[in-house]
Amino acid sequence: MPRPTAAQLAYGSATVVFATLAMLLLSQTRSGIGVAVIAVAALALGLLVAVTVPMPGAAPRVRAATQRPVAGAEPVAVRPVAGAAEARVTEHSLRS
């Protein structure tokens, strides 16, 4: 597993702090068990936020339309079907 980035640590920590404060203020709990449950919930939420922050360079790669197609791949044409909401996909080859 890769090490967390500074952004992941910052977002996760901020989430834990603000979630804990918000839940404590909204619930107005006074018991130790209630505070412990809120702390665990805030930690879980902070972990979730930290894990879901995208890693740098992890963006999905999209093939540009100007690039040549992969060898052996056949182009796919999509044309609408009259009177239907769905489109029929037909494969055709550019080979003559």
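Let's start with Ile 38, which sits in helix H2 (residues 32–52). Keep in mind that this is a predicted model. From Ile 38 we'll move out to the rest of H2, then hop over to Gln 8 in helix H1 (residues 6–27).

**Ile 38 and its neighbours**
- Ile 38 comes out at 9% relative accessibility, so it counts as buried, the cut-off being under 20%.
- Leaving aside residues up to four places away in sequence, Ile 38 touches Thr 20, Met 23, Leu 24, Ser 27 and Thr 29.
- Take Leu 24 from that set: its C-alpha atom is 7.1 Å from that of Ile 38, with their positions 14 residues apart along the chain.

**Helix H2 as a whole**
- H2 has 21 residues, and at 1.5 Å a residue they should span 30 Å; the end C-alpha atoms are 30 Å apart, so the two agree.
- Ile 38 has company on the inside: the buried residues of H2 are Gly 34, Ile 38, Ala 42, Gly 46 and Ala 50.
- Look down the axis of H2 and those buried residues fall within an arc of 135°, which means they line one face of the helix.
- Over on the other side of H2, the exposed residues include Ile 33, Val 37, Val 40 and Leu 43.
- H1 is part of what covers the buried residues of H2.

**Gln 8 in H1**
- Gln 8 has a relative accessible area of 7%, so it is buried too.
- Not counting residues up to four places away in sequence, Gln 8 touches Arg 3, Ala 50, Val 51, Val 53 and Met 55.
- Of these contacts, Ala 50 is one of the buried residues of H2, while Val 51 is exposed.

Definitions and conventions. Residues are numbered from 1 along each chain as its sequence is written. This is a predicted model: local features need pLDDT of at least 70, side-chain atom pairs count only at pLDDT 80 or more; totals for chains, interfaces and linings use all residues. Side-chain values use heavy atoms; hydrogens and water are left out. Helices (H or I, at least four residues) and strands (E, at least two) are DSSP runs, numbered from the N terminus. Buried means under 20% relative accessible area, exposed over 50%, partly exposed in between (1.4 Å probe, protein chains only). Contact means heavy atoms within 4.5 Å. The expected span of a helix is 1.5 Å times one less than its number of residues. The arc is that of the directions from the helix axis to the C-beta atoms.
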